[in-house]
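Colleague: I should like to learn how to read a structure of this kind, feature by feature. Could we begin with a single residue and work outwards from there?

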Amino acid sequence: MFDDRFAGWPLDEPAVLQSLDGWLRPAGRCLRIVGLDFEAIAGSHPKFARWRRDWTHRIEVWRPADGLLAPGLRLLRVGTVLALRLDAPDWRLQLITDSVRVAAMHEECADFLQRCESAWPATTLGL
């Protein structure tokens with residue numbers, strides 16, 4: 001999942017959390033979240049933030065080291081299907097199933113992840 005603040009994403013919806021829960025259950029699956037402002041995400045999606053703590057062993061959260069999300073990377077990719085978010089307010093999506101295009105976007109995402117750093121720890125340790 002790639003977006004700057006995930007504003008408007010239905011991450012707190014019970015059906016979404018249940019679906020993510022079921023999707024993560026099989027061994028070897030990992031949810032990668034790339035964003036900019038995780039404090040905003042925790043504030044606007046508190047149920048998702050709590051749910052994420054239970055799955056922190058299967059969820060990777062990343063932030064671009066330079067603080068800039070690539071313009072074309074507002075997407076959700078699951079296997080060989082990619083939903084590319086075209087505009088924020090209207091939630092227009094382009095569904096891509098062509099394996100060549102999905103593979104190209106996967107490579108673009110992988111390249112972008114090389115310029116990211118770990119973010120949004122599940123717990124904060126302090127003295």
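Modeller: Certainly. Please bear in mind that this is a predicted model. Let us start with Asp-3, which has a relative accessibility of 3% and therefore counts as buried, the limit being under 20%.

Colleague: Where does Asp-3 lie in the chain, and with which side chains does the side chain of Asp-3 make polar contacts?

Modeller: Asp-3 belongs to the segment before helix 1. For a polar side chain that is buried, one looks for polar partners. Here the side chain of Asp-3 makes a polar contact with that of Trp-9 at 2.5 Å, and another with the side chain of Arg-85 at 2.8 Å. Once neighbours within four places in sequence are set aside, the residues in contact with Asp-3 are Trp-9, Val-34, Gly-35, Leu-36, Leu-69, Leu-73, Arg-74 and Arg-85.

Colleague: The segment before helix 1 also holds Phe-6. Is Phe-6 buried or exposed?

Modeller: Phe-6 has a relative accessible area of 1%, so this residue is buried. Beyond four places in sequence, Phe-6 is in contact with Met-1, Leu-11, Ile-33, Val-34, Gly-35, Ile-41 and His-45. One may also compare sequence separation with distance in space: Phe-6 and Phe-112 are 106 residues apart along the chain, and their C-alpha atoms are separated by 18 Å.

Colleague: How should I read a nonpolar core, and which residues have the most contacts inside the largest one?

Modeller: The general idea is that nonpolar side chains in soluble globular proteins tend to be buried together. In this model the largest nonpolar core has 19 residues, and those with the most contacts inside it are Met-1, Leu-31, Ile-33, Phe-48, Trp-51 and Ile-59. At least two residues of this core come from each of helix 1 (14-24), strand 1 (31-34), helix 2 (38-44), helix 3 (46-54) and strand 2 (59-64). Apart from this core lies another, of 14 residues, including Leu-84, Val-102, Met-105 and Phe-112.

Colleague: Leu-31 is among the residues named for the largest core. With which residues is Leu-31 in contact, leaving aside neighbours within four places in sequence?

Modeller: The contacts of Leu-31 are with Met-1, Leu-20, Trp-23, Leu-24, Trp-51, Arg-58, Ile-59 and Glu-60.

Colleague: Let us turn to the sheets. In what order do the strands of the antiparallel sheet stand?

Modeller: To read a sheet, one asks for the strand order, the sense of pairing and the edges. This open sheet has three strands in the order 3-4-5, with antiparallel pairing. Strand 3 (75-78) and strand 5 (92-96) each have a single partner strand, so each has one side without a neighbour in the sheet. From one strand to the next, the twist averages 15 degrees.

Colleague: How many bridges join strand 4 to strand 3, and how many join strand 4 to strand 5?

Modeller: Four bridges join strand 3 to strand 4, and five join strand 4 (81-87) to strand 5. Leu-82 illustrates both pairings: Leu-82 is the bridge partner of Arg-77, and Ile-96 in strand 5 is the bridge partner of Leu-82. Two residues lie between the strands in the hairpin of strand 3 and strand 4, where Gly-79 takes a positive phi near 60 degrees. Five of the seven residues of strand 4 are buried. Helix 4 (99-113) packs on this sheet and touches strand 3, strand 4 and strand 5.

Colleague: What is the pairing in the sheet of order 1-2-6?

Modeller: This open sheet of three strands has mixed pairing. Strand 1 and strand 6 (116-118) are the edge strands, each pairing on one side only. Strand 1 pairs with strand 2 in the parallel sense over four bridges, and Arg-32 stands opposite Glu-60. Helix 4 packs on this sheet too, touching strand 1, strand 2 and strand 6, and its direction makes about 65 degrees with that of strand 1.

Colleague: How many helices and strands does the protein have, and how compact is the protein?

Modeller: There are four helices and six strands. The radius of gyration is 15 Å, close to the 14 Å that the globule rule gives for 127 residues, so the protein is as compact as a globular protein of that length. Buried residues make up 35% of the 127 residues. Of the contacts with a separation of 6 or more, 70% are between residues 24 or more positions apart.

Technical notes
Residues numbered from 1 in each chain as written. Predicted model: local features only at pLDDT ≥ 70, side-chain atom pairs only at ≥ 80, totals over all residues. Heavy atoms only, no water. Core = buried A, V, L, I, M, F, W, Y, C linked by side-chain atoms within 4.5 Å. Buried < 20%, exposed > 50% of the residue type's maximum accessible area, 1.4 Å probe, protein only. Contact = heavy atoms within 4.5 Å. Pairing = 2+ DSSP bridges. Axes fitted to C-alpha atoms, helices over the stretch in contact; angles between N-to-C directions. Polar contact = N/O pair within 3.5 Å; in protein donor to acceptor, adjacent residues only side chain to side chain. Rg over C-alpha atoms; globule rule 2.2 N^0.38 Å.
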